[in-house]
Amino acid sequence: MKRNRTGKVTVLAGGVGAARLLRGLVELVPASSLSVIVNTGDDDVFHGLHVCPDIDTILYTLSGLSDPDRGWGIAGDGFHAMDQLAGYGAETWFRLGDRDLATHLFRTEELRTGKTLSQITAAQARALGVSVRVLPMTDVPVRTVIEAPQGRLSFQEYLVRERGRPAVRAIHYEGVRSARPAPGVLKAIGEAGLVVIAPSNPFVSIGPILAVPGVRSAVRRATAPVVAVSPLIGGRPVKGPADRMMRGLGMKPSALALAELYRDLLDALVIDAADRSAIGPLETTGLRVAAVPTLMSTPARSIAVARHVLGIGASVRAALAS
Ligand code: GDP
Ligand code: CA
């Protein structure tokens, strides 16, 4: 049964961690009350096609198409097109499945005819039966660039081609200063009864969203409680380079470091039970904290984490009202 005392819920999202939380939230909040603001800093062009890895992960997960083991692409997809491309000598380190290619073909052609990324994403969500509002953070191209010892790498070169191994000296969001939030983004934050920062990489998933002019201040000013879920379990990410990035940028990977990155935004933080020693130090900074199992390896675990997010949001709201 879906109860909805929270009102509208708006989630800031990267890829897999966010998709796992969303598959829980949709079981507790009506889809029509859920908006997701998705990172587009990972977007890139491959074989002439505009690929949006985080939007696709969210759409494929919410439509039930995703490959749960791989964490990207469509379950059971084939790779005949990639094999053919490799035969032509093309670089194929960024794998795109045959059915997945249709998503990028459609998006690229629609962009060419002048549609915006938010219009196209809304159309793709509708076609896939996703009634959650999926909003790209901006319609303006923003590119996350990693400064590594060997030079500047696009985010996918760093993460996929180089497997996240290069040391990270700095991270840039190219184009972000002239970006504007996509239509509906600021409204979704302002109208929300709860704002959730998903368990996504704070530098390359949430960072670009907050860097779009106006977004960070909208979250800071939001009347709704702001709750983050930590992507770290025992100080380590479930996948990806969040801890190595934290170290590279001079931080000790921990729930405390995460809270510090979001300090001006958060009312509450959901951390993993393995990190419960951080509860005391976090609470002294004025945060409300829940330490619970946050590994969302099954749909049931996703629902459990989503329930904690709604619960702690409600307790912040109750404290504000009293
Ligand atoms: P992606 O690389 O595009 O999938 O972007 P994300 O930033 O969303 O995903 C990577 C982050 O998600 C990592 O920091 C993970 O620790 C986090 N993550 C993935 N699955 C889970 C989970 O089940 N629980 C928690 N707490 N974090 C998760
Ligand atoms: Ca991503």
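Two strands pair if DSSP finds at least two bridges between them, and the strands themselves (E, at least two residues), like the helices (H or I, at least four residues), are DSSP runs numbered from the N terminus.

This is a predicted model, in which local features need pLDDT of at least 70 and side-chain atom pairs count only at pLDDT 80 or more, while totals for chains, interfaces and linings use all residues. Residues are numbered from 1 along each chain as its sequence is written, chains are lettered from A and ligands numbered from 1 in the order in which they are written, and side-chain values use heavy atoms, with hydrogens and water left out.

**Exercise 1.** Find the order of the strands in the sheet that holds β1, and place helix α1 against this sheet.

*Solution.* Begin with the order, which is β5-β2-β1-β9-β10-β13-β14 in an open sheet of seven strands with parallel pairing. The edges are β5 (133–136) and β14 (288–292), each of which pairs on one side only. Next, look at the pair formed by β1 (residues 9–13) and β9 (residues 194–197), which is parallel and has four bridges; within this pair, Thr10 has Val195 of β9 as its bridge partner. Finally, helix α1 (residues 16–25) lies across β1, β2 (34–38), β9 and β10 (226–229), and runs at about 160° to β1, where angles run from 0 to 180 degrees between the N-to-C directions of axes fitted to C-alpha atoms, for helices over the stretch in contact, and contact means heavy atoms within 4.5 Å.

**Exercise 2.** Work out which strands stand at the edges of the antiparallel sheet, and which helix lies across β6 and β8.

*Solution.* The open sheet has three strands in the order β7-β6-β8. Both β7 (151–154) and β8 (170–174) have a single partner strand, so one side of each is left without a neighbour in the sheet. From one strand to the next, the twist averages 30°. Five bridges join β6 (residues 143–148) to β8, and Glu147 stands opposite Ala170 in β8. The helix across β6 and β8 is α8 (residues 202–211), which runs at about 45° to β8.

**Exercise 3.** Identify the polar contacts of ligand 1 with Pro199, Asn201 and Lys239 (a polar contact here is a pair of N or O atoms within 3.5 Å).

*Solution.* Start with the backbone: an N or O atom of Pro199 lies 3.0 Å from an oxygen atom of ligand 1, and a polar backbone atom of Asn201 is 2.6 Å from an oxygen atom of the ligand. Then turn to the side chains, where a polar atom of Lys239 lies 3.1 Å from an oxygen atom of ligand 1. Taken alone, ligand 1 exposes 590 Å², of which the protein buries 94%, with accessible areas coming from the Shrake-Rupley method with a 1.4 Å probe.

Technical notes. Polar contact = N/O pair within 3.5 Å; in protein donor to acceptor, adjacent residues only side chain to side chain.
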